[in-house]
Amino acid sequence: MDRADVLILGGGLVGSALATALDAHGLTAIVIDIADPQVILAADFDGRASAIASAPHRMLEAIGVADRLAGKGCPIESIRVSDGLDPGKLDFDAGDAESALGVMYENRMLRTALYESARAAPNVDLRMQTRAVSVERGDHGVTAVLDSGDVVHASLLIAAEGRNSPTREAAGITSARWQYDHTALVTSVHHEVPHGNVAFEIFYPQGPFALLPLNDDAQGHRSAIVWSVKRHEGPGMLKMSERAFLAEMDKKTGGFLGRLGPLGRRSSYPLGFHHAAQITGHRLALVGDSAHGIHPIAGQGVNVGFRDVAALVEVLVDGKRLGLDMGDPALLERYQRWRALDTFMVALATDGLTHLFGVPGKTASRIRRFGLNLVDRVTPLKDAFMAEARGESGSVPKLLQGMTA
């Protein structure tokens, strides 16, 4: 197609989910992405895994993506947060009558399911290994010239390009941003003791250490690891022998998973924060990392992006029913109001936790342990944290409730 309701720049996890969700509601989308599918869908692409919270997972079910993920994810039935290996802790349990808090998927599986869903959607024109040479947002629509020579048109431009979104920069949208003095080491590890479908978030002054449950494989029990270390330590830890790396990991876990190893592929990613001053412009909406990038301390990165998708789809579907142009300023203002506060509060909370748990010393540790125990005992406060972890806080879009918009 050369004309659609929306033009999406970026076909990653968030961009593909958005296109698929729009298709489920009868809206058309052209998706442009420079990546080569054979590279990004390869089994050893980056080794990362994502915890999809229960509300975003309901959205994946509602738009048909979850069918492609059947049996490939590990349910998260409990989350344990602790300050080091000290007794102070906070437990979030799904409960016998409730659904899991979330599901852990290897990113390559998520990427494949979303890519295939977008490619199969009749209202989606997915163009990989393609670049938009120029994009013009005019009074009557959006026009893009592609490197193939094709010219495509839409009513609304959506940037889903990631943290360094060129569309956001070209629109003159400013962002608050800074780099943390941390690098995330990402890998998977086999271990002797079953994880029991528990996700562990252990905070150390040097940085948080997360163990996230994965499905067993032929070699046994395993978990994904997201280990924040000081930036200058990252390269050296990647070069460590597997034996030395596992020994350091054993110190972080205190041995509660028994013998560790073997390791999966190791990789590292710099950690930073950014938050766009606004997420809309003239015939423009930002979603996912194009709008906000947060520390992985609470595992909310892609979930916040999926919450953007659910809200934007509901806004656009409502607009379509009213006969409005998809780029109507009133629709974009509604999306701006709906998502701006939520994304800001999540960003503020994750940044605050990063600094709070990074304060060294016994006094600071005692205060943190007291706070964790307090939240663990005060039901209303704990319920509020549970709602945030599930993606159910604030005004919840219909897709996050498992309903079509």
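What follows is a chat about how the labels given to parts of this predicted model are justified.

Visitor: Let's start broad. How many helices and strands does the chain have, and how much of the chain counts as buried?

Guide: The chain has 11 helices and 20 strands. Of its 405 residues, 53% count as buried. The chain exposes about 17300 Å², and carbon and sulfur atoms supply 54% of that.

Visitor: What share of the contacts join residues at least 24 apart?

Guide: That would be 74%, taken among contacts between residues at least 6 apart in sequence.

Visitor: Which residues touch the most other members of the largest nonpolar core?

Guide: L7, I8, L22 and L60 do, in a core of 75 residues. Helix α8, residues 301-321, gives the most to this core, with 10 residues. As for L60, leaving aside residues up to four places away in sequence, L60 touches I52, V65, A66, L69, L110 and L114. There is also a second, separate core of 18 residues, which includes V189, Y204, F245 and L246.

Visitor: F306 sits in helix α8. Why is F306 called buried?

Guide: Buried means under 20% relative accessible area. F306 has 0%, so the label fits. Not counting residues up to four places away in sequence, F306 touches L13, V14, A17, I52, P56, M59 and L114. F306 and A53 are 253 residues apart in sequence, with their C-alpha atoms 9.8 Å apart in space.

Visitor: And V152, in strand β11? What makes V152 count as buried?

Guide: The relative accessibility of V152 is 1%, under the 20% cut-off, so V152 is buried too. Among the residues V152 touches are M1, L7, I30, R127 and V142, with those up to four places away in sequence left out. V135 is 17 residues from V152 in sequence, and the C-alpha to C-alpha distance is 9.5 Å.

Visitor: Now a polar residue. Why does T253 count as buried, and what does its side chain reach?

Guide: T253 is in helix α7, residues 242-253. Its relative accessibility is 2%, which is under 20%, so T253 counts as buried. The T253 side chain reaches the backbone oxygen of D250 at 3.2 Å. A polar contact needs N or O atoms within 3.5 Å, so that distance passes.

Visitor: How do you know that the span of helix α4 agrees with what is expected?

Guide: Helix α4 runs over residues 107-120, which is 14 residues. The expected span is 1.5 Å times one less than the number of residues. That comes to 20 Å, and the end C-alpha atoms are 20 Å apart, so the two agree. Buried residues in α4 include M109, L110, A113, L114 and Y115.

Visitor: On to charges. What makes R68 and E116 a salt bridge?

Guide: Side chains of opposite charge can pair when their charged atoms come close. The cut-off is 4 Å between nitrogen and oxygen, and the closest N and O atoms of R68 and E116 are 3.6 Å apart, so the pair qualifies. The pair links distant parts of the chain, with R68 in the loop between α3 and β4 and E116 in helix α4, 48 residues apart.

Visitor: Why are R68 and E116 called partly exposed?

Guide: Partly exposed lies between the 20% and 50% cut-offs. R68 is at 33% and E116 at 28%, so both get that label.

Visitor: Are D308 and R339 buried or exposed?

Guide: Buried: D308 has a relative accessible area of 1%, and R339 has 4%. Their side chains meet in a salt bridge at 2.7 Å, N to O. D308 is in helix α8 and R339 in helix α9, 31 residues apart.

Visitor: What about E333 and R337? Why is R337 called exposed?

Guide: Exposed means over 50%, and R337 is at 55%, so the label holds. E333, at 38%, counts as partly exposed. Their closest N and O atoms are 3.8 Å apart, within 4 Å, so this is a salt bridge. Both lie in helix α9, four residues apart, about one turn of the helix.

Visitor: How many salt bridges does the rule give?

Guide: The count comes to 14. E106, R108, D217 and R222 are linked in a network of them.

Terms used
Residues numbered from 1 in each chain as written. Predicted model: local features only at pLDDT ≥ 70, side-chain atom pairs only at ≥ 80, totals over all residues. Heavy atoms only, no water. Helix = DSSP H or I, 4+ residues; strand = E, 2+ residues; numbered from the N terminus. Buried < 20%, exposed > 50% of the residue type's maximum accessible area, 1.4 Å probe, protein only. Contact = heavy atoms within 4.5 Å. Areas by Shrake-Rupley, 256 points an atom, 1.4 Å probe, with all protein chains shown as cover. Core = buried A, V, L, I, M, F, W, Y, C linked by side-chain atoms within 4.5 Å. Polar contact = N/O pair within 3.5 Å; in protein donor to acceptor, adjacent residues only side chain to side chain.
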